[in-house]
Amino acid sequence: MATRFEIGSITVHRIIEQEAALFDALQFFPTLTRELIDENRGWLQPRFIDPAGKVMLCVQSYLLETPHHHILIDTCVGNHKQRPARPFWHLMNSDRYERSLAAAGFGVDDIDFVMCTHLHVDHVGWNTRLENGRWVPTFPKARYVFADRELEFWTRRQKDNPEACPWVEDSVLPIVAADRAEIVTSAHVLNDLVTLIPTPGHTIDHYSVHVGRPGADAVVTGDMIHSPLQARYPEIGMMTDYDSQQAARSRRTLFERFCEAPTLMCTAHFPSPSVGRFVRRKEAFDFVEA
Ligand SMILES: [Zn+2]
């Protein structure tokens, strides 16, 4: 699966910002054990967990070129942002993202909608860019689609404890201030080709995006899953989950719904090619790359 593929009348582009081993697996998945890693080492290593025990992650956007709109889903980490808690994302200054966008044939003026599946640091970064010392919308013509309870949660969190979530101040609130936010429910229907699916748990009002028509469709999952390990073991939570039990239910519900369909699942963070299907395996699911 390349960085560009077709689903019916829709062209999907993967816009990659970074691909690396970033987090220790046992920290990233707090209930994961060495024994379980050992049991699954044959398929997990080195592809999904590197030899040093770090989770291999891709950080990317999905750009959907539909007959009506250009929709950018999740906007990675971004440049020039203060992220002292995450050294590998702190004050990034890379042209990879913009080059990747240009290579797909797009400029910042070409995006009609930016959708943030949730408001975590690695999904909102390119919402804004620095211009004369101010954070301005990177995509000036876009409406930015935020889930209502998600925005409410992070706006409050930012107010109560700004140091805990600096990305809200530099990458979310400037969009609201510029009147570019489109605040919707996490089950919002954009049109007959694009519908949001609530997949709460990783965050309070996380959504995934269903695109296309039966037989030629895809789901951009966002962070309702971070590794194929969570398909085999849906109950394994991730360290920044809002509610890991709810996240596990969201995984089981979504995979149950699509596991017998040809629907392509476009994951946010699985290593490239990142796209495939979740098929039934025993009491859970297996990820099969496309
Ligand atoms: Zn993420």
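The exercises below concern a sheet and two pockets in a predicted model.

**Exercise 1. The open sheet**

Determine the strand order of the open sheet of seven strands, and explain why β10 and β16 each have one side without a neighbour in the sheet.

*Solution.*
Step 1. The strands follow one another as β10-β11-β12-β13-β14-β15-β16, and their pairing is mixed.
Step 2. The edges are formed by β10 (189-191) and β16 (284-289). Each of these strands has a single partner strand, so one of its sides is left without a neighbour in the sheet.
Step 3. Direction ignored, neighbouring strands of this sheet are turned by 30° against each other on average.

**Exercise 2. A strand pair within the sheet**

Establish how many bridges join β13 to β14, and which residue of β14 stands opposite Ala 218.

*Solution.*
Step 1. Strand β13 covers residues 216-222 and strand β14 covers residues 264-267.
Step 2. The two strands run parallel and are joined by four bridges.
Step 3. Opposite Ala 218 stands Leu 264 in β14.

**Exercise 3. A helix across the sheet**

Identify the strands across which helix α7 lies, and give its angle to β16.

*Solution.*
Step 1. Helix α7 comprises residues 244-258.
Step 2. The strands that α7 lies across are β11 (194-198), β12 (207-213), β13, β14, β15 (275-281) and β16.
Step 3. Relative to β16, helix α7 runs at about 60°.

**Exercise 4. The largest pocket**

Describe the volume of the largest pocket, then its lining by residue, by element and by class.

*Solution.*
Step 1. The largest pocket holds about 500 Å³ of space.
Step 2. Its lining consists of 31 residues, of which Arg 86, His 120, Val 121, Trp 167 and Thr 240 are the closest to its centre.
Step 3. Two or more lining residues come from each of β3 (54-65), α4 (148-160) and α5 (166-177). The largest share, three residues, is that of α4.
Step 4. Sorted by class, the lining contains 18 nonpolar, seven polar and six charged residues.

**Exercise 5. The second largest pocket**

Describe the second largest pocket in the same way, beginning with its volume.

*Solution.*
Step 1. The volume is about 150 Å³.
Step 2. The lining is made up of Asp 24, Ala 25, Leu 26, Arg 34, Ile 37, Asp 38, Arg 41, Gln 45, Pro 51, Ala 52 and Gly 53.
Step 3. The elements giving two or more residues to this lining are α1 (25-28) and α2 (34-44). Helix α2 supplies the largest share, four residues.
Step 4. By class, five lining residues are nonpolar, two are polar and four are charged.

Methods: Residues numbered from 1 in each chain as written. Predicted model: local features only at pLDDT ≥ 70, side-chain atom pairs only at ≥ 80, totals over all residues. Heavy atoms only, no water. Pairing = 2+ DSSP bridges. Axes fitted to C-alpha atoms, helices over the stretch in contact; angles between N-to-C directions. Contact = heavy atoms within 4.5 Å. 1 Å grid on protein atoms, 1.4 Å probe; cavity = no way out; pocket = protein on both sides within 12 Å on 5 of 7 lines; lining within 4 Å. Points joined across faces, edges and corners; volume = space filled by probe spheres on them. Nonpolar A, V, L, I, M, F, W, Y, C, P; charged D, E, K, R; others polar.
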